[in-house]
Amino acid sequence: MAIKTKWLVSHACGHQETHDLGGKPADKRAGYAAWLARTDCRACWQASRTPSKEWLAEQAAELDTWETTAEMPPLEGSEKAVTWGRQCRHDLLVGAYSALVTDAADLDDDSWLAQVEIPARRIGRASWWIDNRDTDTVDILELLEVAQGDETAGICENPA
Ligand SMILES: [Zn+2]
């Protein structure tokens, strides 16, 4: 009788997950499944990992580089809000760039600059970026247009 390749494992965290052990020798699968049962499932394992200092430093460096390249001015707000707002602005705009320019080719680089990057530079309030962090990339053009007349965005006509 062939030894099964798909094993439903009850993990230590309480979740069940099916594992394909087809890559393991048939006589090792039961032992491997027993070992898996003593570990957390993939989602819990990932959630429990605390980001390393190196990883955080890398993220911070990437953010700095992006802000310099995109000429994004500093944000206003409390220290906490600024930290989070910078990340939100980066994630939103980088996501929109790949969706609108790289993937869909809806915009070329000049239109991206005129319709997204320049209006985005004027929005100085960290809280505005935090509030709008979940905006769909397809809505970003409209969002930025509306923001230009929105007091809560902290519009600055000539960002440094
Ligand atoms: Zn789990």
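The following exchange goes through a predicted model of one protein chain and the definitions behind its descriptions.

Student: What are the ground rules for this model?
Tutor: Residues are numbered from 1 along each chain as its sequence is written. The model is predicted, so local features need pLDDT of at least 70 and side-chain atom pairs count only at pLDDT 80 or more, while totals for chains, interfaces and linings use all residues.

Student: How many helices and strands does the protein chain have, and what makes a run count as one?
Tutor: Helices (H or I, at least four residues) and strands (E, at least two) are DSSP runs, numbered from the N terminus. On that basis the protein chain has 7 helices and 2 strands. Their order from the N terminus is β-β-α-α-α-α-α-α-α.

Student: Why is the protein chain called more spread out than a compact globule?
Tutor: The radius of gyration is taken over C-alpha atoms, and the globule rule is 2.2 Å times the number of residues to the power 0.38. For 160 residues the rule gives 15 Å; the protein chain has 23 Å, well over that, so it is more spread out than a compact globule. The C-alpha trace spans about 75 × 35 × 25 Å along its principal axes.

Student: Which domains are assigned, and what separates their centres?
Tutor: Domain bounds come from an automatic or database domain assignment. That assignment gives domain 1 (6-48) and domain 2 (53-153). Their centres, taken over C-alpha atoms, are separated by 40 Å.

Student: How do you know that strand 1 and strand 2 pair?
Tutor: Two strands pair if DSSP finds at least two bridges between them. Strand 1 (residues 6-10) and strand 2 (residues 16-20) have 5 bridges in the antiparallel sense, so the pairing criterion is met. Trp 7 stands opposite His 19 in strand 2, and Leu 8 has Thr 18 as its bridge partner there. The two strands form a hairpin with 5 residues between them, and Gly 14 in the turn has a positive phi of about 105°.

Student: Why is strand 2 said to lie largely in the open?
Tutor: A residue is buried if 20 or more other C-beta atoms lie within 10 Å of its own, exposed if 12 or fewer, and partly exposed in between, with C-beta atoms placed from the backbone. Of the 5 residues of strand 2, the number buried is 0, so strand 2 lies largely in the open. Over the 160 residues of the protein chain, 14% count as buried.

Student: What makes Asp 40 partly exposed, and which residues is Asp 40 in contact with?
Tutor: Asp 40 has 17 C-beta neighbours inside 10 Å, so it counts as partly exposed. Asp 40 is found in the loop between helix 1 (29-37) and helix 2 (42-48). Contact requires C-beta atoms, placed from the backbone, to lie within 7 Å. Leaving aside neighbours within four places in sequence, Asp 40 is in contact with His 11, Ala 12, Cys 13, Trp 45 and Ser 48. Asp 40 and His 11 are 29 residues apart in sequence, with a C-alpha to C-alpha distance of 5.3 Å.

Student: What makes the phi of Glu 71 and of Ala 105 worth a remark?
Tutor: Most residues other than glycine have a negative phi. Glu 71, just after helix 3, takes a positive phi of about 55°, and the phi of Ala 105 is near 55°. Glu 71 lies in the loop between helix 3 (53-69) and helix 4 (79-103), while Ala 105 lies in the loop between helix 4 and helix 5 (109-122). With 13 C-beta neighbours inside 10 Å, Glu 71 counts as partly exposed; with 8, Ala 105 counts as exposed.

Student: How do you know that the span of helix 3 is close to the expected one?
Tutor: The expected span of a helix is 1.5 Å times one less than its number of residues. Helix 3 has 17 residues and reaches 24 Å from its first C-alpha to its last, close to the 24 Å expected. The number buried among those 17 residues is 0, so helix 3 lies largely in the open.

Student: What makes a set of residues a nonpolar core, and which elements give two or more residues to the largest one?
Tutor: The set must consist of buried Ala, Val, Leu, Ile, Met, Phe, Trp, Tyr and Cys residues joined through C-beta atoms within 7 Å. The largest such core has 17 residues; among those with the most contacts inside it are Ala 96, Trp 129 and Ala 147. Helix 4, helix 5, helix 6 (126-131) and helix 7 (140-147) each give two or more residues. Helix 4 provides the largest share, 5 residues.

Notes: Two residues are in contact if their C-beta atoms, placed from the backbone, lie within 7 Å.
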